[in-house]
There are 2 protein chains.
Amino acid sequence: MEQKIIDLLKRSNLSITDSRKKILESFFQENSALAHADIEDHVGEDFDRVTIYRTLQTFVDKGIIHTIPTPDNAVLYALCKDSCSAGHHHDNHVHFICDNCNKTFCLEHVVVPAVHMPVGFAASQIDMVVSGICNYCNATT
Amino acid sequence: MEQKIIDLLKRSNLSITDSRKKILESFFQENSALAHADIEDHVGEDFDRVTIYRTLQTFVDKGIIHTIPTPDNAVLYALCKDSCSAGHHHDNHVHFICDNCNKTFCLEHVVVPAVHMPVGFAASQIDMVVSGICNYCNATT
DNA sequence: TACACTATTGCAACTATGTTGCAAAATGTT
DNA sequence: AACATTTTGCAACATAGTTGCAATAGTGTA
């Protein structure tokens, strides 16, 4: 784990700092998307709020994580796949928000379907967010 | 205009107040989606911030407007079609955000395409937000 | 290892956004 | 017009996010 995180930071040309390691750790431990507040809970009192904001922003810039739009307008972050690089995201997958456990997942293997635009509109990015019940909640209830 | 707004309020079982009329007017004048701040600008100093928040919430509850999730997590509101009623929205259309003029539109005639969910996941709602260049900006630049 | 340079962090202060309780004012009803 | 009910404005509060700056930690080099 430790080594994987260090490699990822090096690959992204980022210096190895405690906050970055700890925050990345949060993402690898939880495999769902995290809100700023979740991360604050996870890393505890160790780091300043501002540091977390800046670290997340840095990760987004470097293509390590991406943001997810949600219907209730909370900002969520999730790890990018390897194919993402700095300034060049490939997040064409569907995001899923569970109404039961409230977690948000990247459905990496579900590609956003094409949609036909009216004349005059040119699409450059498409975000698709599905809500419902996730596989874990469906299995346990 | 005035009469159309009064009718809409009556149909929704809402009392006719100045703030509700003025705020609805904003939506009928702009045919794009509005953020809270846009409305605050539009109605000027006439009404308190809190009143605007509560009025928008009331309209959402009554099915007069719906919220739009955006990638940059600003809350936007837009008029619902007639088929929406209290507690029962039919917003299965695609939303479009123009990267140029920054306006957001409901593409009422573009239905969100079906998407195949992985085993175990049950979808209940799908939001699709497309960004790019709108027909107006494409025509004028 | 020590040094110097650069990047990162923490603090404080600030802005924006949104919520709640309560008294005052406006609305709808008779 | 008078009443009961909603709605509004105010004040205070809560949360989210940003910025400048000085202190600190990380990185490359000797």
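This section describes the fold of the chains, their pairing and the residues around the DNA strands in a predicted model.

Chain A contains five helices and six strands. Along the sequence, these elements of chain A follow the pattern α-α-β-α-α-β-β-β-β-β-α. The C-alpha trace of chain A spans about 50 × 40 × 25 Å along its principal axes.

Two helices of chain A, α2(A) and α4(A), were examined as a pair. Packed helices are described by the angle between their axes and the distance between the axes. The axes of α2(A) and α4(A) come within 10 Å and cross at roughly 70°. With angles of 65 to 115 degrees counted as roughly perpendicular, α2(A) and α4(A) are therefore roughly perpendicular to each other. On the side of α2(A), the contact is made by S19(A), R20(A) and I23(A), and α4(A) contributes T51(A), I52(A) and T55(A). By class, the contact of α2(A) with α4(A) comprises two nonpolar, three polar and one charged residues.

The two protein chains are related by symmetry. A turn of 180° with a shift of 0.0 Å along the axis lays chain B on chain A with an RMSD of 0.1 Å. The two copies are thus related as by a two-fold rotation axis. The same surface serves both copies, in that 100% of the contact residues of chain B recur in chain A.

In the interface, 34 residues of chain B are in contact with 34 residues of chain A. On the side of chain B that touches chain A, two or more residues each come from β4 (93-98), β5, β6 and α5 (135-140) of chain B. The largest share of this side, twelve residues, is given by β6(B). The residues of the side of chain B that touches chain A divide into 21 nonpolar, eleven polar and two charged.

Strands from both chains are joined in an open sheet. Six strands form this sheet, in the order β5(A)-β4(A)-β6(A)-β6(B)-β4(B)-β5(B), and the pairing is mixed. The edges are occupied by β5 (104-111) of chain A and β5 (104-111) of chain B, each of which has a single partner strand, so one side of each is left without a neighbour in the sheet. On average, neighbouring strands of the sheet are turned by 30° against each other, direction ignored.

The pairing between chains involves β6 of each chain. Strand β6 (residues 122-133) of chain A pairs with strand β6 (residues 122-133) of chain B in the antiparallel sense over eleven bridges. Within this pairing, I133(A) stands opposite A122(B) in β6(B), and the bridge partner of D127(A) in β6(B) is V129(B).

Within chain B, β4(B) and β5(B) pair in the antiparallel sense over five bridges. F96(B) stands opposite F105(B) in β5(B). The strands β4(B) and β5(B) form a hairpin with five residues between them. In the turn, N102(B) has a positive phi of about 70°.

The surroundings of the two DNA strands draw on both chains. Of the 20 residues around DNA strand C, those that come nearest are T17(A), S19(A), T51(A), S15(B) and I16(B). At least two residues of the surface near DNA strand C are supplied by each of α2 (18-29) and α4 (49-61) of chain A and α3 (36-43) and α4 (49-62) of chain B. The helix α4(A) gives the most to this surface, with four residues. The residues of the surface near DNA strand C divide into eight nonpolar, eight polar and four charged. S19(A) and T51(A), which come nearest to DNA strand C along with other residues, also belong to the contact between α2(A) and α4(A).

DNA strand D is surrounded by 20 residues, of which S15(A), I16(A), T17(B), S19(B) and T51(B) are the closest. Here at least two residues of the surface are supplied by each of α3 (36-43) and α4 of chain A and α2 (18-29) and α4 of chain B. The largest share of the surface near DNA strand D, four residues, comes from α4(B). By class, the residues of the surface near DNA strand D comprise eight nonpolar, eight polar and four charged.

Definitions and conventions:
Residues are numbered from 1 along each chain as its sequence is written. Chains are lettered from A and ligands numbered from 1 in the order in which they are written. This is a predicted model: local features need pLDDT of at least 70, side-chain atom pairs count only at pLDDT 80 or more; totals for chains, interfaces and linings use all residues. A residue is near a molecule or strand if its C-beta atom, placed from the backbone, lies within 6 Å of it. Ala, Val, Leu, Ile, Met, Phe, Trp, Tyr, Cys and Pro count as nonpolar, Asp, Glu, Lys and Arg as charged, and the others, Gly among them, as polar. Axes are lines fitted to C-alpha atoms, for helices over the stretch in contact, and angles run from 0 to 180 degrees between N-to-C directions. Angles under 35 degrees count as roughly parallel, over 145 as roughly antiparallel, 65 to 115 as roughly perpendicular and the rest as oblique. Two residues are in contact if their C-beta atoms, placed from the backbone, lie within 7 Å. Two strands pair if DSSP finds at least two bridges between them. Copies are superposed by least squares on the C-alpha atoms of residues with pLDDT of at least 70 in both.
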